[in-house]
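The following exercises ask you to read a structure step by step, moving from a sheet to the helices around it. Please work through each task before turning to its solution.

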Amino acid sequence: MTTAKVGIIMGSQSDWATMKEAADILADLNIACDVQIVSAHRTPDRLWTYGKTAVDRGLHVIIAGAGGAAHLPGMMASKTRLPVIGVPVQTKALSGVDSLYSIVQMPRGFPVATMAIGAAGAANAGLMAAGILALSDADLAERLEAWRAALTDSIPEVPGDD
Ligand code: RP5
């Protein structure tokens, strides 16, 4: 069984620059994660095995990022009861609206919690996963509260010149 409770998966190496934002947030909060490339189209058997074994491997939440015809989060949600958080990766051709539409409009019964397009969405996916785990982990809840308070404290009241 893996010690990681969060799985981060992405459709391609090219998604890593975006998805690393989720991994960085989890690292800030001292949450172990397992990171893999799993493509709905190029490695469908890997997707199948990942989804079928996710619960037994000890995962609690899966963050799935993909761009374009972004079927990875939805297909993963069809293979596991674990919460799947979807990150639409920004694309060159259609700016990530294609990714967003591919992820967000799931049929009733198989939800994906869809974040914003791009880096902010990936970072928020990390925070969303942390919030889910914090429901049953008091130490993590404290770390998450502190992280949020630090962000709030970093916002100045008055804008300065850059
Ligand atoms: C998707 O196709 C991946 O999630 C990626 O965002 C996109 C392009 O992949 P590459 O052609 O860069 O490998 O499956």
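**Exercise 1.** Which residues of S3 lie on one side and which on the other, and are they buried or exposed?

*Solution.* The model is a predicted one, and the reading begins with the strand as a whole, where 7 of the 7 residues of S3 are buried. The next step is to sort these residues by face, and for this it helps to recall that in a regular strand the side chains alternate between the two faces of the sheet. On one side of S3 are Val-61, Ile-63, Gly-65 and Gly-67, on the other are Ile-62, Ala-64 and Ala-66, and all of them are buried, with the result that both faces of the strand are covered.

**Exercise 2.** Place S3 within its sheet, and identify the strands with which S3 pairs.

*Solution.* Begin with the strand order, which is S2-S1-S3-S4-S5 in an open sheet of 5 strands with parallel pairing. The edges of this sheet are strand S2 (33-37) and strand S5 (113-114), each of which pairs on one side only. Next, take the two neighbours of S3 in turn. Strand S1 (residues 6-10) is joined to strand S3 (residues 61-67) by 5 bridges, and the two run parallel; within this pair, Val-6 stands opposite Val-61, while Ile-9 has Ala-64 as its bridge partner. On the other side, S3 and S4 pair over 6 bridges, also in the parallel sense, and here Ala-64 stands opposite Gly-86 of S4. Ala-64 therefore links the two steps, having Ile-9 as a bridge partner and standing opposite Gly-86.

**Exercise 3.** Which strands does helix H1 lie across, and at what angle does H1 run to S1?

*Solution.* Helix H1 (residues 16-28) lies across S1, S2, S3 and strand S4 (84-89), and the angle at which H1 runs to S1 is about 170 degrees. To follow the packing further, turn to Gly-126, whose place is in helix H5. Leaving aside its neighbours within four places in sequence, Gly-126 is in contact with Glu-21, Ala-22, Ile-25 and Leu-26. The surroundings of Gly-126 can then be judged by a count: 28 other C-beta atoms lie within 10 Å, and Gly-126 is therefore buried, since the cut-off for a buried residue is 20 or more.

**Exercise 4.** Describe how H5 packs against H6, and then how H2 packs against H3, giving the angle, the handedness and the residues of each contact.

*Solution.* For the first pair, helix H5 (residues 119-134) and helix H6 (residues 138-153) pack at an angle of about 140 degrees, and their axes are 8 Å apart. That angle makes H5 oblique to H6, and the crossing is left-handed. The contact is made by Ala-130, Gly-131, Leu-133 and Ala-134 from H5, together with Leu-140, Ala-141 and Leu-144 from H6; by class, these are 6 nonpolar residues and 1 polar residue, with no charged ones.

For the second pair, the axes of helix H2 (residues 44-53) and helix H3 (residues 72-79) come within 8 Å and cross at roughly 45 degrees. H2 and H3 are therefore oblique to each other, and their crossing is right-handed. The residues in contact are Leu-47, Trp-48, Gly-51 and Lys-52 of H2 and Met-75, Met-76 and Lys-79 of H3, and this contact divides into 4 nonpolar, 1 polar and 2 charged residues.

Methods. Residues are numbered from 1 along each chain as its sequence is written. This is a predicted model: local features need pLDDT of at least 70, side-chain atom pairs count only at pLDDT 80 or more; totals for chains, interfaces and linings use all residues. Axes are lines fitted to C-alpha atoms, for helices over the stretch in contact, and angles run from 0 to 180 degrees between N-to-C directions. Helices (H or I, at least four residues) and strands (E, at least two) are DSSP runs, numbered from the N terminus. Angles under 35 degrees count as roughly parallel, over 145 as roughly antiparallel, 65 to 115 as roughly perpendicular and the rest as oblique. A crossing is left-handed if the near helix is turned anticlockwise from the far one by less than a right angle, and right-handed if clockwise. Two residues are in contact if their C-beta atoms, placed from the backbone, lie within 7 Å. Ala, Val, Leu, Ile, Met, Phe, Trp, Tyr, Cys and Pro count as nonpolar, Asp, Glu, Lys and Arg as charged, and the others, Gly among them, as polar. A residue is buried if 20 or more other C-beta atoms lie within 10 Å of its own, exposed if 12 or fewer, and partly exposed in between; C-beta atoms are placed from the backbone. Two strands pair if DSSP finds at least two bridges between them.
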